[in-house]
Amino acid sequence: MSARRARGLPFASDPLFVYGTLRFPAVLSALIGRVPAMEPARLIGRRAAALPGKAYPGLVTATDSVTDGFLLTGLGRDDWRVLDAFEDDEYDLTPVPVLAGERAGYAWTYTWTAEVADDDWSAADFEAGHLPYYSSKCAAWRRDLILLSETV
C-alpha cells in the first residue's frame, strides 16, 4: 500500500478488497465499464453484515469472523473516483490487512459506520434475488454521473 494518497483516494497501484456487490463482474462493468483483475482474498476480524432495508452489506468489526471477497487490482484514477462516488456516505475508505492465498498484505476497503443487522449478508442470496436489477440501477447511476461531470 502506498504511504500517501492523492486527493483522498488511493493510488492506482493500491488494491481494493471487495466483499459485497462490487465482487460481482456485472456490477463492476456497470460502474467502471470493465472488470479489473480479481483475486480471491480473506479479511480476518470483520464481517459483511446485512443492512436494514438494503440489498448491499456493510463491513464491520467482528473479532471471530472472516469475510471472503476479492482483491481488485489495476484500478485507474477514474475507476477509484467512480467507485468512491458510488459508495454511500456511511462508508469509510479504510486500509486493512488481507490474505490472498498464502500471501498477507494490505488493501483498501469500504467499512460501514452506521447501524447493521445481526445477520450476515449473503452473496448467494444477493446474486439470486437482486443482481440483475441492482446492476441495471448501477448502470443508470453511472450514466447520470457522466452527464453531471466531465471529469469522471
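These legends walk you through four close-up views of a predicted model.

**View 1. Helix α1 and the residue that follows it.** Helix α1 covers residues 25-32, and V27, L28, A30, L31 and I32 are buried within it. Looking down the axis of α1, you will find these buried residues inside an arc of 165°, so they line one face of the helix. Just past the end of α1 comes G33, with a positive phi of about 80°.

**View 2. T111 and its surroundings in strand β5.** T111 belongs to strand β5, which runs over residues 103-112. T111 counts as buried because its relative accessibility is 8%, under the 20% cut-off. Its side chain meets that of T94 in a polar contact of 2.9 Å. Beyond neighbours within four places in sequence, T111 is in contact with R46, L59, E90, Y91, D92 and T94.

**View 3. The aromatic pair F86 and W141.** The structure holds eight aromatic pairs. In this one, the ring centres of F86 and W141 are 5.3 Å apart and the planes meet at 75°, so the pair is edge-to-face. F86 sits in helix α2 (residues 77-86) and W141 in helix α4 (residues 131-148), so the pair ties together parts 55 residues apart in sequence. F86 is buried, at 18% relative accessible area, while W141 is partly exposed, at 26%.

**View 4. The aromatic pair Y91 and W112.** Here too the arrangement is edge-to-face, with 4.7 Å from centre to centre and 70° between the planes. Y91 lies in strand β4 (residues 91-100) and W112 in strand β5, so this pair links distant parts of the chain, 21 residues apart. Y91 is buried at 9% relative accessibility, and W112 is buried at 10%.

Terms used. Residues are numbered from 1 along each chain as its sequence is written. Side-chain values use heavy atoms; hydrogens and water are left out. Helices (H or I, at least four residues) and strands (E, at least two) are DSSP runs, numbered from the N terminus. Buried means under 20% relative accessible area, exposed over 50%, partly exposed in between (1.4 Å probe, protein chains only). A polar contact is a pair of N or O atoms within 3.5 Å; within protein, one must be able to donate a hydrogen and the other to accept it, and residues adjacent in sequence count only if both atoms are side-chain atoms. Contact means heavy atoms within 4.5 Å. The arc is that of the directions from the helix axis to the C-beta atoms. Rings of Phe, Tyr and Trp (its six-membered ring) pair if their centres lie within 6.5 Å; planes under 30 degrees apart count as stacked, over 60 as edge-to-face and the rest as tilted.
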